[in-house]
Amino acid sequence: MDGMSLTPEQEKLNALRNILPEAFCEGKIDWEKLKATLGGDINFSNERYVLNWAGKSDAFKILQTPTYKTLIPAKDESVNFDETNNIFIEGENLEVLKVLQKSYFGKVKMIYIDPPYNTGNDSFIYPDMFSESKADYEKRVGDKDEEGYMTKSSLKSPSLGGVSQAGWSKNSKENGQYHSNWLNMMMPRLYLAKNLLRQDGVIFVSFDDNEVHNLRLLMNEIFGEENFLGCLPTIMNLKGNNDQFGFSGTHEYTLVFLKDYNLGRIGEFKLDEIEIEKWEEDEYGLYKQGANLKSTGVNAPREKRPNLYFPIYVNGNVFSLENKDGFEEIFPTTNKQEMSWRWSKTKFQKEFFNVIISKNGNEYSIYKKQRPEINDLPSKKPKSIFYKPSYSSGNGTQELKNIFNERYFSNPKPINLVKDFIEIGTHPNDLILDFFSGSGTTAHSVMELNKEDGGNRKYICVQLPELCEEKSEAFKAGYKTIAEISKERIRRAGKKINDEIRLIIDDLRMKIKKLQSELPTEENQSEITSLQSQINNLQSQDLGFKVLKLEDSNFKQWQQIEGNDAQALAEQMKLFVDPVSESATIENMVYELLLKSGKDLNSKIFPSGGGEFGYLLLCD
Ligand SMILES: C[S@@+](CC[C@H](N)C(=O)[O-])C[C@H]1O[C@@H](n2cnc3c(N)ncnc32)[C@H](O)[C@@H]1O
């Protein structure tokens with residue numbers, strides 16, 4: 001809304017939209033649809049099932065444009081830089097995904113992303129100024145302020161009247177290309193991300209009603225409809241949230257696609273078999289024994305609840321509220337005290353199928369059948385609805401608050417949710433990628449799950465150094481960017497997990513000591529070996545991470561010279577006497593060479609020889 005009055009033309013368009021909404025697309029009139037609506041003669045020769053939007057072909061061009069960026073190490077911001085296999089990349093993810101193509105092609109087992117939902121309030125970068133030169137685009141995604149922080153204002157570009165105009169800006173619902181902008185942002189990133197997945201890999205994408213329909217079609221196009229595994233309603237707030245879509249919102253979605261359904265499999269949860277065995281089945285479904293219907297406690301004596309004191313007649317596992325031949329009379333009496341039932345007569349009548357009669361010796365007891373609530377019933381196979389109380393969005397917020405004591409980031413995902421996706425999406429030694437890392441929940445969840453199951457999963461997380469709002473608590477506490485919040489969260493979470501691991505190890509050592517003081521049997525020897533191997537495993541947990549930052553190449557780029565400008569050519573030849581840029585360091589060049597030669601960023605690099613850096617040897 002710009003507060004201006006409508007022109008007569010706009011008024012007519014609005015009137016037309018009121019009677020023919022189907023003839024509009026992204027707020028604009030679609031002439032072909034209008035003709036079809038009014039029964040006009042239209043050409044259907046091009047008809048086919050296709051997802052199309054404004055700027056799609058240009059988004060493909062962006063996808064195919066090579067990058068001249070690289071990653072440089074930031075050792076002082078890392079934890080255990082030389083030993084760790086976890087990576088945090090600070091940078092714009094389209095460029096980062098391009099930079100990673102060679103080294104990580106087909107290496108990632110699972111991708112989890114939680115991108116901007118296109119709520120009308122979120123800002124994101126989308127590479128859709130297709131008329132700009134490559135140099136301008138590079139500048140736009142790489143502009144920094146004097147302290148080296150990427151500036152949002154420099155990312156905001158003037159209106160070009162092209163497909164769409166902004167580089168980084170709020171994509172409001174009034175925007176004429178509201179859906180197209182978002183699709184232009186997502187499409188190239190998903191394409192590049194798919195390349196990084198292993199053939200048996202899987203991708204999980206969190207979403208809500210704003211774009212779930214478009215996302216599914218987009219992913220069908222990129223991953224193939226046959227590789228669709230599920231669109232999981234993911235319950236984030238059973239109580240119900242605001243009613244943005246008319247209903248009080250309880251859920252989001254998680255779209256799951258395999259890279260190749262012939263090779264990929266989704267895993268199962270580890271479950272307590274005893275817990276599964278508690279459930280039985282009758283003609284109304286599954287149940288387990290719930291509360292005893294004889295009430296106890298200070299409010300339960302007969303005199304306090306006289307209506308709930310009445311006889312129930314039982315015979316075997318059948319009950320009646322009327323006296324019948326052969327039926328035994330039961331009152332809610334415990335220890336000779338007259339108490340009350342939890343249910344009224346009417347409720348007993350209504351819920352007759354939810355009553356369990358059990359006899360122990362001469363004593364009858366009456367229990368309620370507890371029917372499963374959503375996801376209550378444990379099962380190894382993940383269900384197509386994702387719900388646990390710990391998935392609540394409030395939990396995600398609280399978990400982050402526990403780390404910082406303040407609310408520095410809105411709507412982080414809860415650790416248990418991401419941990420469960422990782423549990424079913426990976427094996428214990430796999431690599432996980434999140435290129436919309438936000439506050440770093442994925443990195444945190446990988447460390448938690450490894451601690452719990454002794455795994456050795458590794459992560460690559462990517463986060464834009466998006467500036468925090470100046471009035472935010474995070475900014476006031478000195479966190480200039482979301483990437484800084486994310487890195488600090490991972491550092492603190494790593495320390496906390498390390499402390500927890502120490503306690504677990506102390507406990508395991510005590511158990512070993514106790515077993516060693518007992519008579520040595522085959523059984524306790526094998527128990528000691530198993531406990532010792534758990535200790536070794538915990539001691540080798542990787543809680544560090546390498547920080548790498550997206551930067552310009554260390555090597556000068558040859559610029560195409562228009563026309564026959566001999567002087568410009570001579571200048572450029574002079575520049576290339578030394579192709580290494582002035583700001584390059586040997587170490588940074590080594591990382592660029594790792595990436596350009598397709599080597600893992602965790603390759604071991606040994607300094608040798610003399611000089612400040614000497615030269616460095618790479619070993620896989
Ligand atoms: C919804 S949040 C992710 C939250 C995360 N799952 C968590 O639990 O904290 C999306 C994040 O993507 C980041 N982002 C948006 N566009 C990006 C881009 N082009 N490159 C890298 N990160 C980007 C935003 O800064 C934001 O922090």
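This report walks through three helix pairs and the ligand site of a predicted model.

## The ligand site

Let's start with the ligand, which has 18 residues around it. The closest are Glu-92, Asp-114, Ser-439, Thr-441 and Glu-466.

Three of these come with a polar distance worth looking up in the viewer. Glu-92 has a side-chain N or O atom 2.8 Å from a nitrogen atom of the ligand. For Asp-114, a polar side-chain atom also sits 2.8 Å from a ligand nitrogen. Ser-439 deals with an oxygen instead: an N or O atom in its side chain is 2.6 Å from an oxygen atom of the ligand.

## H13 against H15

Thr-441, listed among the residues closest to the ligand, also turns up in the contact of H13 with H15. Helix H13 covers residues 441-453 and helix H15 covers residues 482-517. Their axes are 10 Å apart, and the packing angle is about 10°. Angles under 35 degrees count as roughly parallel, and H13 and H15 are therefore roughly parallel to each other.

On the H13 side, the contact is made by Thr-441, Ala-443, His-444, Met-447, Glu-448 and Lys-451. They meet Arg-489, Ile-490, Ala-493, Gly-494, Ile-497, Glu-500, Ile-501 and Ile-504 in H15. Sorted by class, that gives 7 nonpolar, 3 polar and 4 charged residues.

## H11 against H15

H15 has another partner here, helix H11 (residues 393-404). The axes of H11 and H15 come within 10 Å and cross at roughly 75°, which makes H11 roughly perpendicular to H15. H11 brings Leu-400, Ile-403 and Phe-404 to the contact, while H15 brings Ile-485, Glu-488, Arg-489, Arg-492 and Ala-493. The split is 5 nonpolar, no polar and 3 charged residues.

Arg-489 and Ala-493 of H15 are worth clicking on: both take part in the contact with H11, and both are also in the contact with H13.

## H3 against H7

The last pair is helix H3 (residues 56-64) and helix H7 (residues 178-196). They pack at an angle of about 40°, with their axes 9 Å apart. H3 and H7 are therefore oblique to each other, and H3 passes H7 in a right-handed crossing.

Which residues in H3 meet H7? They are Lys-56, Ala-59, Phe-60 and Leu-63, and they meet Asn-184, Met-187, Pro-188, Tyr-191 and Leu-192 in H7. This contact divides into 7 nonpolar residues, 1 polar and 1 charged.

Technical notes
Residues are numbered from 1 along each chain as its sequence is written. This is a predicted model: local features need pLDDT of at least 70, side-chain atom pairs count only at pLDDT 80 or more; totals for chains, interfaces and linings use all residues. Side-chain values use heavy atoms; hydrogens and water are left out. Axes are lines fitted to C-alpha atoms, for helices over the stretch in contact, and angles run from 0 to 180 degrees between N-to-C directions. Helices (H or I, at least four residues) and strands (E, at least two) are DSSP runs, numbered from the N terminus. Angles under 35 degrees count as roughly parallel, over 145 as roughly antiparallel, 65 to 115 as roughly perpendicular and the rest as oblique. A crossing is left-handed if the near helix is turned anticlockwise from the far one by less than a right angle, and right-handed if clockwise. Contact means heavy atoms within 4.5 Å. Ala, Val, Leu, Ile, Met, Phe, Trp, Tyr, Cys and Pro count as nonpolar, Asp, Glu, Lys and Arg as charged, and the others, Gly among them, as polar. A residue is near a molecule or strand if one of its heavy atoms lies within 4 Å of it. A polar contact is a pair of N or O atoms within 3.5 Å; within protein, one must be able to donate a hydrogen and the other to accept it, and residues adjacent in sequence count only if both atoms are side-chain atoms.
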